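Colleague: Got a minute? I'd like to go through this one with you.
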Amino acid sequence: MENRSTFTGKLGFVLAAAGSAVGLGNLWRFPYLAAQYGGGAFLLVYIILAITFGFVLMVTEIAIGRKTQLSPLKAFGKLNKKWGWLGKLATIVPVLIFPYYCLIGGWVTKYAGVMLVGQVKEAASDSFFGDYVSSTASPLVWFMIFIVATALVIISGVNRGIEKLSKILMPALLVLTVGLSIFVITRPGAMDGVKYYLMPDLKNLTVKTFLAALGQLFYSMSLAMGIMITYGSYFSKEEHIEKATRQIEIFDTLIAFLAGLMIVPAVFVFSGGDKEALGKGPSLMFVTLPKVFNDMPGGRIIGTLFFLLVLFAAITSSVSIMEAIVSGLIDAFKMSRGKATALVLIYGIVVGIACSLGFGIWSGVSIFGFSILDFLDFVSNSVLLPVVGFLTCVLVGFVIKPDAIISEVELNGEFKMKHFYIAMVKWVAPIFIFAILVSSVLEGIGVIKF
């Protein structure tokens with residue numbers, strides 16, 4: 001086997017893995033879920049889950065990657081030949097996510113440009129976003145810019161591409177998030193939003209809140225997407241997995257926390273305390289927030305910085321998603337990085353174009369009642385993510401046994417959470433991941449509504 005590329009050190013790995021985890025899930029989905037499910041109550045549940053469930057699942061995936069030195073497409077088969085099919089299932093997740101994630105990344109790039117040239121008032125109009133996504137040419141241009149930029153990082157390799165980008169963008173992202181959060185919470189009237197966001201109301205500690213927070217964990221920490229297995233395969237045997245995982249968790253959770261601290265109070269201030277104004281999905285980032293920036297003193301500067309922040313997060317995540325697919329092609333077919341990147345790029349462009357046209361001239365096309373983008377999102381996030389997470393726990397807990405993972409973690413010292421890890425991966429995590437699967441599928445097909 002050829003020597004596999006590795007990150008130059010723990011810092012490079014942690015920043016790259018954190019870059020994957022810190023994406024649209026943190027800066028877009030986390031704040032509106034926090035608002036929808038009780039602010040402080042959701043935040044409290046999420047933090048508890050991040051340091052328990054998130055820790056266990058991330059340690060598992062990083063250890064699988066480093067132990068096998070393979071992408072998920074081949075890693076599961078190396079652990080147990082009869083479970084090689086799980087690697088194929090896990091690889092489908094980034095394959096489905098990549099095109100539409102890059103399309104949304106193109107939307108973010110467009111809005112960063114709009115804010116930069118001072119068109120805040122135009123972006124704040126009710127029809128701006130709808131008119132933009134339903135047009136044909138403009139969304140495709142910005143999508144192409146974003147996806148080609150992603151491919152250029154991937155083709156540069158692990159060290160000169162992924163690691164170098166992460167070392168530049170992740171510190172910048174942290175500085176921007178802290179700065180914008182401080183600015184927002186010092187605005188007149190912002191403390192009402194801060195209190196709602198930070199102070200748990202016990203009546204909001206419900207099963208719905210728990211399931212929403214647990215589901216968000218998969219988005220926010222890039223779990224069950226094959227990404228952490230891929231990055232784990234580039235992680236040096238000289239480094240300690242447990243410590244690195246804690247550092248990734250801290251960085252990821254901090255950004256998610258600050259994103260909520262930035263967005264929830266901002267919308268509270270400029271909506272008179274109306275929680276419904278936080279909306280859901282595209283309406284939060286692309287409709288509600290431009291209105292906030294338009295009404296805010298210095299809104300052009302703040303809006304530009306905010307969308308640059310989101311752009312940084314989106315590009316580091318799209319890079320990790322693409323790398324999970326490219327790495328699989330390299331492992332499975334022994335092709336060059338350049339050829340694998342070109343194939344994934346072509347695929348992403350073709351499917352991404354279909355997703356974009358699904359909002360415009362192909363808006364009449366539906367798959368089981370979903371638009372093209374929504375269908376890919378439902379299958380990948382509501383179905384496959386929890387399925388892959390559940391089956392990974394079953395494989396580790398009952399087939400190869402937890403000691404297979406623990407031995408990898410303990411190459412560099414004691415695994416302090418060993419007994420907790422065993423209980424979680426065998427019993428607790430599978431039960432609750434299965435609950436996510438059932439609830440997300442029922443909600444997705446309209447049987448229940450959270």
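Modeller: Sure, here is a walk from the whole chain down to single residues. This is a predicted model: local features need pLDDT of at least 70, side-chain atom pairs count only at pLDDT 80 or more, and totals for chains, interfaces and linings use all residues. Residues are numbered from 1 along each chain as its sequence is written, and side-chain values use heavy atoms, with hydrogens and water left out.

Colleague: How many helices and strands are there in the protein chain?
Modeller: The protein chain has 19 helices and zero strands. Both are DSSP runs, numbered from the N terminus: helices are H or I with at least four residues, strands are E with at least two.

Colleague: And why is the chain called as compact as a globular protein of that length?
Modeller: Its radius of gyration is 21 Å, close to the 22 Å that the globule rule gives for 450 residues, so the chain is as compact as a globular protein of that length. That radius is taken over C-alpha atoms, and the rule is 2.2 Å times the number of residues to the power 0.38. The C-alpha trace spans about 55 × 50 × 45 Å along its principal axes.

Colleague: What share of the residues counts as buried?
Modeller: Of the 450 residues, 60% count as buried. Buried means under 20% relative accessible area, exposed over 50%, partly exposed in between (1.4 Å probe, protein chains only).

Colleague: What about contacts with a separation of 6 or more?
Modeller: Residues 24 or more positions apart account for 82% of those in the protein chain. Contact means heavy atoms within 4.5 Å.

Colleague: New topic. How many disulfides are there?
Modeller: The structure holds zero disulfides. A disulfide is a pair of cysteine sulfur atoms within 2.5 Å. Take Cys355: its closest cysteine sulfur is in Cys102, 10 Å away, which is too far for a bond.

Colleague: Is Cys355 buried or exposed?
Modeller: Cys355 is buried, at 1% relative accessibility. Cys393 is buried too, at 1%.

Colleague: Now the backbone. Which sign does phi have at Gln69?
Modeller: Gln69 has a positive phi of about 60 degrees, although it is not a glycine. Most residues other than glycine have a negative phi. Gln69 sits in the loop between helix H3 (40-68) and helix H4 (72-79). It is partly exposed, at 21% relative accessibility.

Colleague: And what is phi at Phe368?
Modeller: It is positive as well, about 55 degrees, and Phe368 is not a glycine. Its loop runs between helix H16 (337-357) and helix H17 (372-399). Phe368 is exposed, at 74% relative accessibility.

Colleague: Where is Asp377?
Modeller: Asp377 is in helix H17. It is partly exposed, at 26% relative accessibility. Leaving out residues up to four places away in sequence, Asp377 touches Tyr100 and Ser382.

Colleague: How far is Asp377 from Phe235?
Modeller: They are 29 Å apart in space, C-alpha to C-alpha, and 142 residues apart in sequence.

Colleague: Last one. Where is Ala124 found?
Modeller: Ala124 is in the loop between helix H6 (120-123) and helix H7 (128-134). It is buried, with a relative accessible area of 9%.

Colleague: What does Ala124 touch?
Modeller: Pro290, Lys291 and Asn294, not counting residues up to four places away in sequence. The C-alpha atoms of Ala124 and Phe286 are 8.5 Å apart, with their positions 162 residues apart along the chain.
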